[in-house]
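Me: I am in my first year and would like to take a close look at a single part of this protein. Please choose one helix, and walk me through what surrounds it slowly enough that I can follow along on the screen.

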Amino acid sequence: MKCACLCNSKTHITMYCIIIEDQPPAQRILKKYIEDMDSLSLKATFTDAVKAMEFLKTEPVDLIFLDIHLPKISGIDLLKTIPQLPPVILTTAYADYALESYEFDVVDYLLKPFSFPRFVKAVSKVRTKDEAKKQVSEEGQAIPKRQEVFIKSGYEHIRISLDEIIFIKSDADYSEIFLPGKKYLSSEPLRQWLEMLDVAQFARVHKSYIVNATKITKVVGNQLYMTNEAIIPIGRAYKDDFVGKFL
């Protein structure tokens, strides 16, 4: 009997996923868990990251289940090589990489052996492209981008204006929000900020940085000079998109 934890009677959204895992027992468990969820559909399984990279060049997916210890290229190296991967859930028998993995905004970190409820919890954190498109009003008009948000900082919820943000820096599974003359530590990861910010104004320019393009004073080589005198590096994987969009 399949679990329908991520869908309701009115809407069924399927997330297409792939497995990158070289151990057959772990593959079998993942395949069984995926099969038991109506919201998931497995497109392919790979034993190494190189073949998966070739597949991803032509086949869109919504979610990747990625082992860390792989032949040829490790899961962490894959995250470093292709920073704009679809959402990733790491699956590993080693807890040592947990902190490093969150620098790449992975959805979750499943430590083997993991249970089906823990698997479901990880998958429930993934927001598909279809779900993002469904954020429209009942009249069919797009919901306006929010101008202010409350961020959770310690025991406080602080209201900030999105337009005042200069840049956001990843700090493990937290984010540092830089505004004129002040900074906040927020519990929201970079991936969540990307979902709420206006892409016409904000851009990810590095695996650890999102910048407000209106707060850039100049661009010199691979560096951005911000209005608060901070200097932000532009990552090689993000430079072409940034230049094409803003320069």
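Reply: What follows begins with one helix and then moves outward to the contacts around it.

Please keep in mind throughout that the model is predicted. The helix to find is α2, which runs over residues 49-56. Just at its start, Asp 48 caps the N-terminal end of α2, with a side-chain oxygen lying 3.0 Å from the backbone nitrogen of Val 50.

Which residues of α2 are buried? They are Ala 49, Ala 52, Met 53, Phe 55 and Leu 56. If you turn the model until you look down the axis of α2, you will find that these buried residues fall within an arc of 160 degrees, and they therefore line one face of the helix. As for what that face meets, the buried residues of α2 pack against β1, β2, β3 and α3.

This packing leads to the nonpolar core. In soluble globular proteins, nonpolar side chains tend to be buried together. Here the largest nonpolar core has 23 residues, and those with the most contacts inside it are Ile 18, Ile 20, Ile 64, Leu 66, Leu 79, Val 88 and Leu 90. Two or more residues of this core come from each of β1, β2, α2, β3, α3 (75-81) and β4 (88-92). Among the contributors, α2 gives the most to this core, with 5 residues. Apart from this core lies another one, of 19 residues, which includes Met 15, Ile 89, Val 107 and Leu 110.

Next, follow the chain out of the helix. Glu 59 forms a salt bridge with Lys 43, and the closest N and O atoms of the two are 3.3 Å apart. Glu 59 lies in the loop between α2 and β3 (63-67), while Lys 43 lies in strand β2 (residues 40-46), so the pair ties together parts that are 16 residues apart in sequence. Neither partner is buried by the rule used here: Glu 59 is partly exposed at 31% relative accessibility, and Lys 43 is partly exposed at 33%.

Strand β3, one of the elements that α2 packs against, also takes part in a contact between aromatic rings. A pair of aromatic rings is described by the distance of the centres and the angle of the planes. There are 8 aromatic pairs in the model, and one of them joins Phe 65 and Phe 119, which are stacked at 5.2 Å centre to centre with 20 degrees between the planes. Phe 65 is in strand β3 and Phe 119 in helix α5, 54 residues apart, and the pair thus links distant parts of the chain. Phe 65 is buried, with a relative accessible area of 0%, and Phe 119 also counts as buried, at 0% relative accessibility. Both rings belong to one aromatic cluster, which is formed by Tyr 33, Phe 65, Phe 114, Phe 116 and Phe 119.

Strand β1, another of the elements packed against α2, leads to a second salt bridge. Side chains of opposite charge can pair when their charged atoms come close. Glu 21 forms a salt bridge with Lys 112, with the closest N and O atoms 2.7 Å apart. Because Glu 21 lies in the loop between β1 (15-20) and α1 (24-35), and Lys 112 in the loop between β5 (108-111) and α5 (116-123), this pair ties together parts that are 91 residues apart in sequence. Are the two partners buried or partly exposed? Glu 21 is buried, with a relative accessible area of 0%, whereas Lys 112 counts as partly exposed at 23%. The pair does not stand alone, for Glu 21, Asp 67 and Lys 112 are linked in a network of salt bridges.

To finish, look at strand β5 itself, where Asp 108 meets Lys 125 in a salt bridge of 3.0 Å, N to O. Asp 108 lies in β5 and Lys 125 in the loop between α5 and α6 (129-133), so this pair ties together parts that are 17 residues apart in sequence. Asp 108 counts as buried at 2% relative accessibility, while Lys 125 is partly exposed, with a relative accessible area of 46%. In total, the structure holds 8 salt bridges.

Methods:
Residues numbered from 1 in each chain as written. Predicted model: local features only at pLDDT ≥ 70, side-chain atom pairs only at ≥ 80, totals over all residues. Heavy atoms only, no water. Salt bridge = Lys/Arg side-chain N within 4 Å of Asp/Glu carboxyl O. Helix = DSSP H or I, 4+ residues; strand = E, 2+ residues; numbered from the N terminus. Buried < 20%, exposed > 50% of the residue type's maximum accessible area, 1.4 Å probe, protein only. Core = buried A, V, L, I, M, F, W, Y, C linked by side-chain atoms within 4.5 Å. Arc of directions from axis to C-beta. Contact = heavy atoms within 4.5 Å. Polar contact = N/O pair within 3.5 Å; in protein donor to acceptor, adjacent residues only side chain to side chain. Phe/Tyr/Trp six-rings, centres within 6.5 Å; stacked < 30°, edge-to-face > 60°.
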